[in-house]
Amino acid sequence: MRLGYTIVYVPRVADSLDFFERAYGLPRRFLHESGQYGELETGATTLAFADHALAEQHFPQGHVRADRSAQPLGFEVALVTDDVAAAHQRALQAGAQELAAPQAMPWGQTVSWLRGPDGLVVELCTPVAG
């Protein structure tokens, strides 16, 4: 078994794809003609977005909408970059909310945390030295 997809339910898939393209420079793989599903080029594991309407079909008992939650969900996507400070600034300029500014961690990584308009928390981090 291997991790193939991370799918985040969002209000508008096209908006989330646009934000991730502008904020993090991740190219769009595709947006389904229905507008309810789309993917980004993210390497071995696909980061995808699906409309809340699909979540409602899959989970009739309801689900937590990250965009409506006052607090970040207990989940994040980590994007690896050699320049966290520059990537962090780019994301802020694209409309991300800063949760934690870039900081050096005791284990040698530089990290920061942001939250996008769709509510998803993104950690920006340098590669783990090892």
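## Packing of helix α3

The buried residues of helix α3 make contact with four other elements: α1 (13-24), β6 (97-104), β7 (110-115) and β8 (121-125). The structure described here is a predicted model.

Helix α3 spans residues 84-93, and its buried positions are V84, A87, H88 and A91. Viewed down the axis of α3, these buried residues lie within an arc of 100°, and they therefore line one face of the helix. The general geometry of such an element agrees with this pattern: an α-helix has 3.6 residues a turn, so residues three or four places apart point the same way. Beyond the end of α3 comes G95, a residue with a positive phi, near 115°.

## The largest pocket

The volume of the largest pocket is about 200 Å³. Its lining consists of 13 residues, of which V8, Y9, A66, L73 and F75 are the closest to the pocket centre.

Which element provides the largest share of this lining? That share, 4 residues, belongs to strand β1, which covers residues 5-10. In terms of chemical class, the lining of the largest pocket comprises 10 nonpolar and 3 polar residues, and no charged residues are present.

## The second largest pocket

The second largest pocket encloses about 160 Å³ of space. T6, T42, T45, T46, L47, F75, E76, V77, A78 and L79 form its lining. F75 thus appears in this lining and is also listed among the residues closest to the centre of the largest pocket.

Two strands, β4 (46-51) and β5 (76-80), each contribute at least two lining residues to the second largest pocket. The largest share, 4 residues, is supplied by β5. By class, the lining of this pocket divides into 5 nonpolar, 4 polar and 1 charged. The charged residue is E76, because Glu counts as charged.

## The loop between β2 and β3

The loop that connects β2 (28-31) and β3 (37-40) contains G35. Is G35 buried, partly exposed or exposed? With a relative accessible area of 26%, G35 is partly exposed, since the buried class requires a value under 20% and the exposed class a value over 50%.

G35 can also be placed relative to T46, one of the lining residues of the second largest pocket. The two residues are 11 residues apart along the chain, and a distance of 17 Å separates their C-alpha atoms.

Methods: Residues are numbered from 1 along each chain as its sequence is written. This is a predicted model: local features need pLDDT of at least 70, side-chain atom pairs count only at pLDDT 80 or more; totals for chains, interfaces and linings use all residues. Side-chain values use heavy atoms; hydrogens and water are left out. On a 1 Å grid over the protein atoms alone, a cavity is a set of points where a 1.4 Å probe fits but cannot get out, and a pocket is an open set with protein on both sides within 12 Å along at least five of seven lines; lining residues have an atom within 4 Å of a point. Grid points are joined across faces, edges and corners, and a volume is the space filled by probe spheres set on the points. Buried means under 20% relative accessible area, exposed over 50%, partly exposed in between (1.4 Å probe, protein chains only). The arc is that of the directions from the helix axis to the C-beta atoms. Contact means heavy atoms within 4.5 Å.
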